[in-house]
Amino acid sequence: MPPIPGSGLAKGLAVTLRTMTKRTVTAQYPDVQPELPPRTRGVIGLFEENCTVCMLCARECPDWCIYIDSHKETVPASAPGGRERSRNVLDRFAIDFALCMYCGICIEVCPFDALFWSPEFEYAETDIHELTHERDKLREWMWTVPEPPALDPGAEEPKEIAAARKTADKLRAQVAKDAQAAKEAQAADDAEAARPAQAAEQEGQE
């Protein structure tokens with residue numbers, strides 16, 4: 001069916017009229033902070049205690065905007081006769097937000113939960129070189145990271161938890177089986193030990 005002539009114009013005028021009748025609301029920024037969605041991608045916060053300098057975030061970053069420096073330290077043996085270990089110590093962790101495209105790959109690939117999204121967005125600078133923020137600034141943003149949302153009660157259980165529960169159920173069943181076997185063995189031993197006394201009692205009665 002061909003469109004009615006002028007229907008597009010009528011729809012456009014209807015949208016205009018609806019908009020004209022709505023009350024205008026002006027956001028009083030910066031006096032009033034905006035209400036941001038819970039998954040806002042503002043900046044990236046660093047929880048450096050969890051960082052092991054594995055370099056996964058820097059290697060996977062498509063913009064190469066993460067700069068990491070570290071050195072190795074020798075950790076003495078924890079027990080006599082043990083071997084010394086070496087570990088990486090973080091010296092520098094910086095992100096150039098002039099290059100960052102906020103894809104979140106670095107946060108997703110971090111295996112130790114050292115990077116998080118922060119809703120902070122007021123970090124403009126007059127010099128583009130100052131958009132490279134070091135770990136001290138990234139650490140400050142870490143304290144603005146909101147708590148994770150509650151789990152969906154109808155969601156599927158994670159495979160790791162299901163596997164752990166299955167293993168725990170097996171161990172519990174094995175422990176119960178061993179306890180039942182021990183109980184039966186103890187009952188058999190008690191019966192065997194009581195047999196001579198019963199035989200002697202019968203002989204005395206005869």
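Student: Which strands make up the open sheet, and in what order?

Tutor: In this predicted model, three strands form the open sheet in the order β2-β3-β5, with antiparallel pairing.

Student: What makes β2 and β5 edge strands?

Tutor: Each of them, β2 (66–75) and β5, pairs on one side only.

Student: How do you know that β3 and β5 are paired?

Tutor: Pairing takes at least two bridges, and two bridges join the antiparallel β3 and β5. In one of the bridges, I95 has H133 of β5 as its partner.

Student: Where does α4 lie, and at what angle to β3?

Tutor: Helix α4 lies across β3 and β5, at about 85 degrees to β3.

Student: Why are the buried residues of α4 said to line one face of the helix?

Tutor: The buried residues of α4 (135–142) are L138, R139, W141 and M142. Seen down the helix axis, they fall within an arc of 160 degrees, so they line one face. They pack against β1 (43–46), β3 (85–96), β4 (115–118) and β5 (132–133).

Student: Why is C65 not called bonded to C61?

Tutor: A disulfide needs the sulfur atoms within 2.5 Å. The closest cysteine sulfur to that of C65 is in C61, at 3.6 Å, so it is too far for a bond. For C103 the closest is also in C61, at 6.2 Å, again too far. The count is zero disulfides.

Student: Why is C65 called buried and C103 partly exposed?

Tutor: Buried means under 20% relative accessible area, and exposed over 50%. C65 has 2%, so it counts as buried, whereas C103 has 28% and counts as partly exposed.

Key. Residues numbered from 1 in each chain as written. Predicted model: local features only at pLDDT ≥ 70, side-chain atom pairs only at ≥ 80, totals over all residues. Heavy atoms only, no water. Buried < 20%, exposed > 50% of the residue type's maximum accessible area, 1.4 Å probe, protein only. Helix = DSSP H or I, 4+ residues; strand = E, 2+ residues; numbered from the N terminus. Arc of directions from axis to C-beta. Contact = heavy atoms within 4.5 Å. Axes fitted to C-alpha atoms, helices over the stretch in contact; angles between N-to-C directions.
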